[in-house]
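Thanks for making time this morning. I would like to walk you through one model, beginning with a single helix and working outwards, so please have the viewer open.

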Amino acid sequence: MASADCLWPFLCPSHPDRDDQSLNPVAADAPSLVNLECSRVLVCVAENDLLKERGWLYYQELGRRGWIGVVEIQETQGEDHGFHLYALGNEKAQDMIKRLAAFFNREMPPLL
């Protein structure tokens, strides 16, 4: 995470703190996840992604903070952040796109 801490102010100068609530949904001052207006979430991370821990934290915190819904996580081994966007011919990228399409096309679970 140290690399991301150094790069973040240059990548997003309007939000130099990566824990700003608009960029970190589990930050101390972020709105409650209980009111998240969807019934399912797919969190995708890559093994070598600088933000992998943030994705796993979001996945874990959805349930801990009282959100009622279905949460899934997909971690792709041996890849970096955004790999599925810049290497479309890559087999892992194609698998990721198929996983996303299957998630989006799946029938919605019933509302509680």
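Let me begin with helix α2, where K52, R54, G55, Y58, E61 and L62 are buried, buried being under 20% relative accessible area, exposed over 50% and partly exposed in between, with a 1.4 Å probe and protein chains only. The cover over these buried residues of α2 includes β1 (40–46) and β2 (70–76). Helices here are DSSP runs of H or I with at least four residues, strands are runs of E with at least two, and both are numbered from the N terminus.

Before going further, a word on provenance: this is a predicted model, in which local features need pLDDT of at least 70 and side-chain atom pairs count only at pLDDT 80 or more, while totals for chains, interfaces and linings use all residues. Residues are numbered from 1 along each chain as its sequence is written, and side-chain values use heavy atoms, with hydrogens and water left out.

Does the length of α2 agree with what we expect, or disagree? The expected span is 1.5 Å times one less than the number of residues, so the 13 residues of α2 (residues 52–64) should span 18 Å, and the end C-alpha atoms, being 19 Å apart, agree with that. After α2 comes G66, with a positive phi near 90°.

Turning to the interior, the largest nonpolar core has nine residues, V26, L33, V41, V43, V45, Y58, L62, W67 and I73; such a core is a set of buried Ala, Val, Leu, Ile, Met, Phe, Trp, Tyr and Cys residues joined through side-chain atoms within 4.5 Å. Two or more residues of this core come from each of β1 and α2, and β1 gives the most, with three. V43 touches G55, Y58, Y59, V71, E72, I73 and Q74, leaving aside residues up to four places away in sequence, where a contact means heavy atoms within 4.5 Å. There is also a second, separate core of seven residues, including L42, A46, L100 and F103.

L100 appears again beside H84, a residue of helix α3 (residues 83–86), since H84 touches A93, M96, I97 and L100, again not counting residues up to four places away. Is H84 buried or exposed? At 18% relative accessibility, H84 counts as buried.

Finally, the whole chain: it has four helices and two strands, in the order α-β-α-β-α-α along the sequence, and 31% of its 112 residues count as buried.
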